Amino acid sequence: MAEHELPSLAPGQCPACGAPGVMTVFNGTLPLASGTRTVGVSNLRGEQCAICEEVFLDCDSQSRFLAVADDLVLQAGNSIG
Ligand SMILES: [Zn+2]
């Protein structure tokens, strides 16, 4: 296997599918599913690929999204055991 590092990306190039010049501004709500529950995390900002629709959140939005995800996992864990 070759190295796992991503090749350097051109401006606006999607890190997921590699299409160039496709990144658009993302500003909205993403669904977050954990077990049987799905919650929406709102006021997220970042970039979204117009081709594969992958969303790449800003650092701030990313950490907020992950915090909600952690919370859901904790709640799921508590309800199970
Ligand atoms: Zn893409």
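Author: Buried means under 20% relative accessible area, exposed means over 50%, and partly exposed lies in between, with a 1.4 Å probe and protein chains only. This is a predicted model, where local features need pLDDT of at least 70, side-chain atom pairs count only at pLDDT 80 or more, and totals for chains, interfaces and linings use all residues. Residues are numbered from 1 along each chain as its sequence is written, and side-chain values use heavy atoms, with hydrogens and water left out.

Reader: What share of the residues in the protein is buried?
Author: The protein has 81 residues. Of these, the buried share is 23%.

Reader: Which pattern does the protein follow along the sequence?
Author: Helices (H or I, at least four residues) and strands (E, at least two) are DSSP runs, numbered from the N terminus. The protein has one helix and three strands. Read in sequence order, the pattern is β-β-β-α.

Reader: Which residues coordinate the zinc ion?
Author: Donors are N, O and S atoms within 2.8 Å of the metal (3.2 Å for Na, K and Ca); water is not among the atoms, so sites may look incomplete. Here each donor is an SG atom, at 2.3 Å. The residues are Cys-14, Cys-17, Cys-49 and Cys-52.

Reader: What is the geometry of the site of the zinc ion?
Author: Four donors count as tetrahedral if all angles lie between 85 and 135 degrees. The angles among the four donor atoms are 103 to 116°. The site is tetrahedral.

Reader: How many residues apart in sequence are the parts that Cys-14 and Cys-52 tie together?
Author: The donor residues of the zinc ion are spaced C-x2-C-x31-C-x2-C. Cys-14 lies in the segment before strand 1 (23-34), and Cys-52 in the loop between strand 2 (37-49) and strand 3 (55-57), so the pair ties together parts whose separation in sequence is 38 residues.

Reader: Is Cys-14 buried or exposed?
Author: The relative accessibility of Cys-14 is 0%. Cys-14 therefore counts as buried.

Reader: What is the relative accessible area of Cys-52?
Author: Cys-52 is partly exposed. Its relative accessible area is 33%.

Reader: Where is Asn-43, the residue with a positive phi of about 60°?
Author: Asn-43 is not a glycine, yet has that positive phi. Asn-43 is exposed, at 57% relative accessible area. Its place is strand 2.

Reader: What is the phi of Glu-53?
Author: Glu-53 sits in the loop between strand 2 and strand 3. Glu-53 is exposed, with a relative accessible area of 58%. Although Glu-53 is not a glycine, its phi is positive, at about 65°.

Methods:
Tetrahedral: all angles 85-135°; square planar, octahedral: opposite > 155°, others 65-115°.
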